[in-house]
Amino acid sequence: MDLPIPASIKPWLNFFHPLLMWVLLGLSVYAMYLGVQIRRTREAQGDTKKELIKGKFNLKHHQIGSLLLALMVLGTIGGMGVTYINNGKLFVGPHLLAGLGMTAMIAVSASLTPYMQKGADWARVSHIALNTLILGLFAWQAVTGMEIVQRIISNM
């Protein structure tokens with residue numbers, strides 16, 4: 001399938017997905033920081049707790065998490081779409097499979113929010129475990145993604 005995308009633009013589409021994913025990796029680290037601050041706030045007492053509440057970490061974590069969910073899903077679909085547009089096929093391998101797994105895990109992690117809001121510790125532990133795994137996979141994806149980018153550049 002050959003979409004009517006100008007040949008001068010097609011190769012540059014390859015760089016949107018990696019750039020977005022590096023931004024999302026940074027946002028993921030920030031979301032983790034906010035999550036740690038939420039836990040500190042929950043466990044704090046007295047004036048320390050009052051001071052931490054002013055940081056609105058809960059709201060910021062929720063907002064960043066929503067943005068991460070939306071952009072990760074769109075970025076995953078976009079990366080697959082660009083690969084298909086440029087090559088006529090997807091390359092099924094560890095990078096694609098890990099990316100799809102991460103996309104599924106972030107959806108499950110986000111779906112735990114109502115249970116965490118009701119105080120379910122199993123949901124909180126699951127949320128933290130999933131997001132820790134996602135962050136680890138994200139770091140690995142960054143390395144394998146740069147290897148893919150280098151191959152694309154060498155073939156330009």
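In what order do the elements of the protein run from the N terminus on? They run α-α-α-α-α-α. The legends below refer to a predicted model.

**Figure 1. Overall view of the predicted protein model.** The protein has 6 helices and 0 strands. Its C-alpha trace spans about 60 × 25 × 25 Å along the principal axes. Of the 156 residues in the protein, 33% are buried. Among contacts with a separation of 6 or more, 71% join residues 24 or more positions apart.

**Figure 2. Packing of helix H1 against helix H6.** H1 covers residues 16-43 and H6 covers residues 121-154. The two helices pack at an angle of about 155°, and their axes lie 10 Å apart. Because angles over 145 degrees count as roughly antiparallel, H1 is roughly antiparallel to H6. Their crossing is left-handed. On the H1 side, the contact is made by Pro18, Met21, Trp22, Leu24, Leu25, Ser28, Val29, Met32, Arg39 and Arg42. H6 contributes Arg124, Ile128, Leu135, Phe138, Ala139, Ala142, Met146 and Val149. By class, the residues of this contact are 14 nonpolar, 1 polar and 3 charged.

**Figure 3. Surroundings of leucine 25 in helix H1.** Leucine 25 has a relative accessible area of 14%. Since the cut-off for a buried residue is under 20%, leucine 25 is buried. Leaving aside residues up to four places away in sequence, leucine 25 touches Leu135, Phe138, Ala139 and Ala142. These four residues are also among those that H6 brings to its contact with H1. Leucine 25 and alanine 142 are 117 residues apart along the chain, and their C-alpha atoms are separated by 8.3 Å.

**Figure 4. The largest nonpolar core.** This core has 21 residues. Those with the most contacts inside it are Leu24, Ile64, Leu68, Met72, Met102, Ile134 and Phe138. At least two core residues come from each of H1, helix H3 (57-87), helix H4 (94-111) and H6. H1 gives the most, with 8 residues. Leucine 24 touches Leu68, Leu71, Met72 and Phe138, not counting residues up to four places away in sequence.

**Figure 5. Packing of helix H4 against helix H6.** The axes of H4 and H6 come within 9 Å and cross at roughly 155°. H4 and H6 are therefore roughly antiparallel to each other. The crossing of H4 with H6 is left-handed. From H4, the residues in contact are Pro94, His95, Ala98, Gly99, Met102, Met105, Ile106, Val108 and Ser109. From H6, they are His127, Leu130, Asn131, Leu133, Ile134, Leu137, Phe138, Trp140, Gln141, Thr144, Gly145 and Ile148. The contact of H4 with H6 has 13 nonpolar, 8 polar and no charged residues.

**Figure 6. Surroundings of histidine 127 in helix H6.** The relative accessibility of histidine 127 is 13%. Histidine 127 therefore counts as buried, the cut-off being under 20%. Apart from residues up to four places away in sequence, histidine 127 touches His61, Ser109, Leu112 and Met116. Ser109 and histidine 127 both belong to the contact of H4 with H6.

How values were computed
Residues numbered from 1 in each chain as written. Predicted model: local features only at pLDDT ≥ 70, side-chain atom pairs only at ≥ 80, totals over all residues. Heavy atoms only, no water. Axes fitted to C-alpha atoms, helices over the stretch in contact; angles between N-to-C directions. Parallel < 35°, antiparallel > 145°, perpendicular 65-115°, else oblique. Left-handed = near helix turned anticlockwise from the far one by under 90°. Contact = heavy atoms within 4.5 Å. Nonpolar A, V, L, I, M, F, W, Y, C, P; charged D, E, K, R; others polar. Buried < 20%, exposed > 50% of the residue type's maximum accessible area, 1.4 Å probe, protein only. Core = buried A, V, L, I, M, F, W, Y, C linked by side-chain atoms within 4.5 Å.
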